[in-house]
Amino acid sequence: MQNISEKISANLDITVTRSESYPIFVGHDLNQTIKDFMKAKGRKPEMAIAIIDSNVDALHRDTYVELFDDLFESVEWFILPSGETEKNIDNWKAILDFALGKTVRRNTPLLSIGGGVTGDLAGFAAASIMRGLPLYHFPTSLLAMVDSSIGGKTGINHKMGKNLIGAFYQPEAVFVETKLLKTLPQREWLCGLGEILKYGGIDNPTLFQAVDELVSSDNWHEYPGLIGIINTCISIKANIVQQDEKEGGIRSYLNLGHTFAHALESYTHYKAFSHGEAVFIGLIAATYLSAQVGNKVDPQKLLDFKELYGLQTNEYIPFIDDIISYMYKDKKNLHQGIRLILLKQWGEVLITDECSIDQIRKSWRFALENVNTMINS
């Protein structure tokens with residue numbers, strides 16, 4: 001008699017195809033759009049879990065309570081403290097404990113209301129609870145609107161580095177409500193501008209002029225071209241993500257400057273610079289390195305914006321090698337070297353892991369010396 005092992009083929013293939021799409025709504029008063037979209041989903045959910053940034057909660061809780069009262073039987077609110085240091089395993093676990101303690105079901109919506117930290121943390125929780133709850137992003141910062149709420153990256157930081165724990169998990173929808181930007185602090189605007197400048201570098205250099213016009217206006221949140229800038233950035237990211245959801249190829253283009261930025265954030269324990277400030281510094285380092293290896297890229301195009309940031313960076317020059325040590329822990333690295341996203345020219349990306357440590361060190365020195373606009377006290 002033929003035994004079972006002889007009956008089973010040694011070569012089995014399982015083909016799993018997954019095609020997902022979701023809408024991104026951008027506007028200055030989306031309440032009716034949100035209501036129409038959510039009601040079209042069918043039966044009114046008995047409960048929703050809302051994860052909200054503490055600053056947003058203080059400013060806008062009433063706005064969301066009024067909106068959600070018409071959509072859900074009840075909403076359970078989890079207030080997440082603000083700041084990059086809060087994107088940690090303890091808060092991730094606290095959200096899980098909170099949600100599971102409310103007897104969630106597989107169809108219980110998880111509503112993420114806040115900036116990039118809230119979206120990354122809430123998204124990872126949504127991916128983890130019961131192997132996936134319906135996730136809806138309500139980004140409230142410029143950075144989250146143009147970048148972090150789009151594309152399905154979720155995660156938390158680890159002491160070894162930034163965003164080293166997480167999952168790809170796509171939302172059901174993203175609602176970009178630009179009227180919320182009226183209460184956004186100046187430093188958070190600058191966070192978003194760092195990411196917009198990144199999009200200018202990798203795809204559409206006309207964004208540099210658009211940013212210049214935006215920051216020259218009297219009230220940034222009322223600038224007529226703001227929604228156009230946001231839509232342009234979203235379109236660039238959406239196009240890339242549609243081609244490469246899991247960052248196997250061109251999605252890594254979105255990390256221009258970020259290997260430098262994440263290392264600086266990790267070295268300073270997320271306390272010295274906001275993410276957008278670190279990205280700006282990283283962009284200067286990456287564009288200078290691009291020029292070092294022979295490409296037609298002048299970092300001065302970005303340095304023209306440095307006065308906006310008002311950063312003190314000279315004090316970190318003696319610790320460049322310590323910062324570089326964190327670059328080796330970056331999740332994009334595939335081999336022994338440091339994988340970097342550079343530019344062949346504005347709008348054209350180069351991926352390499354062949355830059356020498358001396359070249360990287362020189363790029364850090366250039367960035368830290370030239371971004372600095374404050375006199376050390």
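The following exchange asks how some labels on this predicted model were reached.

Reader: Why is the contact between Asp29 and Lys179 called a salt bridge?

Author: The closest N and O atoms of Asp29 and Lys179 are 3.5 Å apart. The cut-off is a Lys or Arg side-chain nitrogen within 4 Å of an Asp or Glu carboxyl oxygen, so the pair qualifies. Asp29 sits in the loop between β1 (24–27) and α2 (31–39), and Lys179 in the loop between β8 (173–177) and α7 (186–202), 150 residues apart.

Reader: Why is Asp29 called exposed, and why is Lys179 called partly exposed?

Author: Asp29 has a relative accessible area of 52%, and exposed means over 50%. Lys179 has 30%, which falls between the limits of 20% and 50%, so the label is partly exposed.

Reader: What makes Asp120 and Lys87 a salt bridge, and which parts of the chain does the pair tie together?

Author: The N to O distance between the side chains of Asp120 and Lys87 is 2.8 Å, and the limit is 4 Å, so the pair counts. Asp120 belongs to helix α5 (residues 116–128) and Lys87 to the loop between β3 (74–80) and α4 (89–101), so parts 33 residues apart in sequence are tied together. Asp120 and Lys87 are both buried. Both also belong to one network, in which salt bridges with shared partners join Glu84, Lys87, Asp120, Lys162 and Glu265.

Reader: How do you know that Glu348 and Lys344 form a salt bridge?

Author: Their side chains meet at 3.8 Å, N to O, which is within 4 Å, so the rule is met. Glu348 has a relative accessible area of 32% and is partly exposed; Lys344, at 38%, is also partly exposed. By the salt-bridge rule, the count comes to 19.

Reader: Why is the aromatic pair of Phe260 and Trp364 called edge-to-face?

Author: The ring centres of Phe260 and Trp364 are 5.3 Å apart, with 70° between the planes. Pairing needs centres within 6.5 Å, and edge-to-face needs planes over 60 degrees apart, so both conditions hold. Phe260 lies in helix α10 (residues 258–267) and Trp364 in helix α15 (residues 357–371), so the pair ties together parts 104 residues apart in sequence. Phe260 and Trp364 are both buried.

Reader: How many aromatic pairs are there in the whole structure, and which residues do ring pairs link into a cluster?

Author: The search finds 19 aromatic pairs. Ring pairs link Phe25, Phe37, Tyr64, Phe68, Phe72, Trp77, Phe138 and Phe175 into a cluster.

Reader: What makes Glu213 eligible for a surface patch?

Author: Patch residues need over 30% relative accessible area and no salt bridge. Glu213 has 37%, so the area condition is met. Glu213, in helix α8 (residues 206–216), forms a negative surface patch with Asp212, Asp298 and Asp304.

Reader: Why is Leu226 called buried, and why is Ala48 called buried?

Author: Buried means under 20% relative accessible area. Leu226 has 3% and Ala48 has 0%, so both labels follow. Leu226 is in helix α9 (residues 226–243), and its C-alpha atom is 16 Å from that of Ile236, ten residues apart along the chain. Ala48 is in strand β2 (residues 47–53). The C-alpha atoms of Ala48 and Thr108 are 5.6 Å apart, while the two residues are 60 residues apart in sequence.

How values were computed. Residues numbered from 1 in each chain as written. Predicted model: local features only at pLDDT ≥ 70, side-chain atom pairs only at ≥ 80, totals over all residues. Heavy atoms only, no water. Patch = residues over 30% accessible without salt bridge, like charges linked within 9 Å, V, L, I, M, F, W, Y side chains within 5 Å. Areas by Shrake-Rupley, 256 points an atom, 1.4 Å probe, with all protein chains shown as cover. Lys, Arg positive; Asp, Glu negative; His and termini not counted. Charge placed at Lys NZ, Arg CZ, Asp CG, Glu CD. Helix = DSSP H or I, 4+ residues; strand = E, 2+ residues; numbered from the N terminus. Buried < 20%, exposed > 50% of the residue type's maximum accessible area, 1.4 Å probe, protein only. Phe/Tyr/Trp six-rings, centres within 6.5 Å; stacked < 30°, edge-to-face > 60°.
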